[in-house]
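Reader: I am new to this structure and would like a close look at a single part of it, the nonpolar core. Could you take me through that part slowly, together with whatever surrounds it?

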Amino acid sequence: MLTFNIRGENIEVTDAIRDYVEKRISKLEKYFDNNVKAIAHINLKVYQNKTAKVEVTIPLPYLTLRAEETSPDLYASVDLVTDKLERQIRKYKTKVNRKSREKGYKNLDFSTETSESDKPAEGSELEVVRTKRVSLKPMDTEEAVLQMDMLGHDFFIYEDAESDGISIVYRRNDGRYGLIEADDAE
């Protein structure tokens, strides 16, 4: 079940806008398990040149969906971002189902726990302005690259399903991908 956190920048979020956004984003619930409870964080921005940007982030236990879209019409931006999120979900589910069939998994456990803290580290010369804790999900490199691309990040940390080690995929300056595998320090 999705709950909504809708914010507006340079725009008042009217009941009509809120209803439209909730109606469109709620259509994504058909892809989720019935017991999934998530908060859809939606930012609506209107710029001086009269373009409207819609950003949606939906952190799920096994995946973080994120999309943004800019167009001259706010409602069109909502439609476009919803379509983009739906494509991400379908792509992810297809890939996971294919991988699970190939590897013979019967039941995939997607449980992860993410928490964030904005407390700066005390007593250090370099100031840490944000700390993010993640529980790593076992996956292969291809799935990690997909997750990284869906999040729009330049790197992604995961547990390698074959080696049980910690790995990092990253986007190189030439557009290709790199892989860092951690060795056991013994």
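Author: A nonpolar core is here a set of buried Ala, Val, Leu, Ile, Met, Phe, Trp, Tyr and Cys residues joined through side-chain atoms within 4.5 Å, where buried means under 20% relative accessible area. With that in mind, please note that this is a predicted model, and that buried residues make up 33% of the 186 residues in its chain.

The largest nonpolar core has 32 residues, and those with the most contacts inside it are I25, F32, I42, L44, I58 and L65. At least two residues of this core come from each of β1 (2-9), α1 (15-26), β2 (38-46), β3 (52-59), β4 (64-71), α2 (74-103) and α3 (141-151). Among these elements, α2 gives the most to the core, with seven residues. In soluble globular proteins, nonpolar side chains tend to be buried together.

F32 offers a way into the detail: once its neighbours within four places in sequence are set aside, F32 is in contact with L2, L60, Y62, L65 and I89. Apart from this largest core lies another core, of eight residues, among them M139, V145, L151 and F156.

Turning to the strands that contribute, four of them form an open sheet in the order β1-β2-β3-β4, with mixed pairing. β1 and β4 are the edge strands, since each pairs on one side only, and the twist averages 10° from one strand to the next. At one end of this order, β1 and β2 run parallel and are joined by eight bridges, and R7 stands opposite N43 in β2. At the other end, β3 and β4 run antiparallel, and eight bridges join these two strands as well; here P59 has T64 in β4 as its bridge partner. α1 packs on the sheet, where this helix touches β1, β2 and β3, and its direction makes about 135° with that of β1. The unit that β1, α1 and β2 make together is a left-handed β-α-β unit.

To place this part within the whole, the secondary structure of the chain comes to three helices and 10 strands, which follow one another along the sequence in the pattern β-α-β-β-β-α-β-β-β-α-β-β-β. Among contacts in the chain between residues at least 6 apart in sequence, 39% join residues at least 24 apart. As for the outside, the chain exposes about 12,300 Å², of which carbon and sulfur atoms supply 47%.

Note on methods: Residues numbered from 1 in each chain as written. Predicted model: local features only at pLDDT ≥ 70, side-chain atom pairs only at ≥ 80, totals over all residues. Heavy atoms only, no water. Buried < 20%, exposed > 50% of the residue type's maximum accessible area, 1.4 Å probe, protein only. Helix = DSSP H or I, 4+ residues; strand = E, 2+ residues; numbered from the N terminus. Contact = heavy atoms within 4.5 Å. Pairing = 2+ DSSP bridges. Right-handed = clockwise from strand over helix to strand, strands pointing away. Axes fitted to C-alpha atoms, helices over the stretch in contact; angles between N-to-C directions. Areas by Shrake-Rupley, 256 points an atom, 1.4 Å probe, with all protein chains shown as cover.
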